[in-house]
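Notebook open, coffee poured. I want to look up where the ligand sits and what is around it, then how the chain is divided up.

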Amino acid sequence: MLRATIALDRGATVAQTDDRLFSSFLEHLGRAIYTGIFEPDHPVADKRGFRRDVLELVRDLGVSHVRYPGGNFLSGYDWWDGVGPRDQRPTRLDLAWHSLEPNLFGWGEFADWSKAAGTQIMGAVNLGTGTPMEAGHLLEYTNRPADTLWADRRVAHGHPEPWDVRLWCLGNEMDGEWQIGHLEARAYGLKAREAAKIMRQVDPSIELVACGSATVLQPTFPAWDRVVLEETFDQVDYLSLHRYYENEGNDLDFLASFVDMGDFIHTIGGTVDHVRAVKRSRKQIYLSFDEWNVWYQAHQEPHPWEQAPRLLEDRYSLLDALVFAGLGMTLVNHADRVKIACLAQLVNVIAPILTEPGGGVLKQTIYYPFQLLSRYGRGTVLRPSVQVEQVETRYGEAPLVHTSVVADAAGEVVTVFLLSIADQPVVAEVDLRGFGARRLVSHTCLEGPDLGAVNTFAVPDAVVPREVACPPEVGVSHQVELGPRSFHVLRFGL
Ligand code: AHR
């Protein structure tokens with residue numbers, strides 16, 4: 001039988017998690033907004049047109065911030081189209097997603113929706129076709145109380161109170177040649193810096209995220225990140241990372257995606273440190289992993305101009321959920337560097353929540369690992385000492401059991417997340433020596449005989465976590481059997 005030993009030392013702390021690690025993303029793309037969160041004719045819509053069934057699930061996920069309004073959509077979006085009287089808002093061509101944008105939902109609706117969902121806003125300004133000055137106008141519209149042009153316009157649009165949006169992305173994936181208004185690194189850095197200067201004048205309390213590499217596969221990675229930081233270091237607070245994974249035919253390689261994500265974070269962390277040293281600066285720039293998920297990009301097909309077409313509606317399997325769990329654990333393990341992470345996306349588009357227009361709502365398989373990480377992954381992240389066999393994968397060596405450990409604020413409950421990527425059972429021995437004797441108070445497990453199983457509207461519970469019976473013994477050492485390819489949340493308490 002394979003074995004893994006996980007020893008916990010109370011003093012081996014990584015960092016406190018930032019609540020924003022459990023954030024997500026809504027873009028004007030496909031049915032994320034229209035018939036996703038907003039469907040005025042739906043039987044359970046509230047008077048503003050927000051689907052109550054979706055709101056309930058977003059609250060259940062404990063999502064901290066929601067990034068809005070894009071994504072690639074952002075880089076051709078004029079935010080002014082989406083505010084004011086609805087009957088005067090234009091329908092536009094959304095060139096990023098080849099769709100018709102009716103502008104029935106914009107910043108005002110999103111601010112109201114965020115309040116209803118209990119989430120905060122991570123705004124994004126268009127630095128593709130948009131100018132730094134327009135970014136300043138949007139910020140004035142969202143954050144200034146009144147008595148200046150753009151703030152007064154918000155008031156006139158029925159929103160007397162400002163929304164106090166504190167966190168802003170300076171564009172989206174500007175290194176991508178697919179991006180509308182794509183720029184070279186130096187040019188983007190200069191534009192982002194000017195936008196930042198204007199935005200900070202409008203509201204000095206904001207935090208800003210510069211665009212880092214859209215993926216490690218970009219030919220400009222990681223030089224892009226260095227150059228952008230050289231230009232923006234003093235004006236920004238975070239650098240973004242984006243990364244999606246898909247199964248290219250080898251389950252083990254796919255399961256080891258967390259290794260690649262960890263390497264990406266290390267590389268960009270090193271790049272930040274390099275620029276910091278060159279600048280002789282004491283300032284720390286943190287990372288915003290503001291797009292991450294499993295995404296089967298190969299499935300995209302050409303489509304006619306339509307409003308809210310069915311785009312990127314990936315159906316997630318148990319295997320996808322396990323990979324997703326490993327990625328989420330890696331983000332938690334890097335809580336010292338990564339302060340913000342957005343599951344991309346939230347509803348319908350590569351999302352944990354699926355809706356049917358006029359119909360029901362479905363929790364996809366990836367819903368559950370996000371829910372469990374969000375619920376139990378907040379606190380002090382520890383660096384455990386792990387002994388386990390390594391296996392060779394396309395991303396290099398991967399441990400057969402991936403581990404994250406988080407202690408709650410009082411240090412009383414310790415949560416151990418385990419992802420086994422082994423194709424046979426593993427006995428995991430958790431040694432709580434740094435904490436003393438504890439009882440295993442709960443053991444939640446996501447596994448199943450069919451890694452290809454998916455949740456559907458007909459069978460919504462094909463893949464759900466199950467509670468495992470816990471032995472009553474109190475002790476320092478606990479043994480748990482991990483089934484082949486399975487995800488576990490072990491909570492040890494007094
Ligand atoms: O999340 C889907 C798309 O992926 C986003 O619009 C873009 O930023 C990324 O390439």
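Entry 1, the site. I started with the pockets, keeping in mind that this is a predicted model. The largest pocket turns out to be the space that the ligand takes up.

Entry 2, the shell. Which residues surround the ligand? I listed Phe-25, Glu-27, Gly-71, Asn-72, Trp-97, Asn-172, Glu-173, Tyr-244, Glu-291, Trp-295, Gln-345 and Ile-350. Sorting this shell by type, I got five nonpolar, four polar and three charged residues.

Entry 3, polar atoms. I then checked distances to oxygen atoms of the ligand. Glu-27 has a polar side-chain atom 2.6 Å from one. For Glu-173, a polar side-chain atom is 2.7 Å from a ligand oxygen. In Asn-172, a side-chain N or O atom lies 3.0 Å from an oxygen of the ligand. I also looked up the cover: on its own the ligand has 280 Å² of accessible area, and the protein covers 96% of that.

Entry 4, domains. How is the protein chain assigned to domains? I noted domain 1 as 2-10 + 382-493, and domain 2 as 18-376. Taken over C-alpha atoms, the centres of domain 1 and domain 2 are 30 Å apart. I looked up their contacts too: 39 residues of domain 1 touch 39 residues of domain 2.

Notes. Residues are numbered from 1 along each chain as its sequence is written. This is a predicted model: local features need pLDDT of at least 70, side-chain atom pairs count only at pLDDT 80 or more; totals for chains, interfaces and linings use all residues. Side-chain values use heavy atoms; hydrogens and water are left out. A residue is near a molecule or strand if one of its heavy atoms lies within 4 Å of it. A polar contact is a pair of N or O atoms within 3.5 Å; within protein, one must be able to donate a hydrogen and the other to accept it, and residues adjacent in sequence count only if both atoms are side-chain atoms. Accessible areas come from the Shrake-Rupley method with a 1.4 Å probe; for residues, only the protein chains shown count as cover. On a 1 Å grid over the protein atoms alone, a cavity is a set of points where a 1.4 Å probe fits but cannot get out, and a pocket is an open set with protein on both sides within 12 Å along at least five of seven lines; lining residues have an atom within 4 Å of a point. A molecule sits in a cavity or pocket if more than half of its atoms lie within 2 Å of its grid points. Ala, Val, Leu, Ile, Met, Phe, Trp, Tyr, Cys and Pro count as nonpolar, Asp, Glu, Lys and Arg as charged, and the others, Gly among them, as polar. Domain bounds come from an automatic or database domain assignment. Contact means heavy atoms within 4.5 Å.
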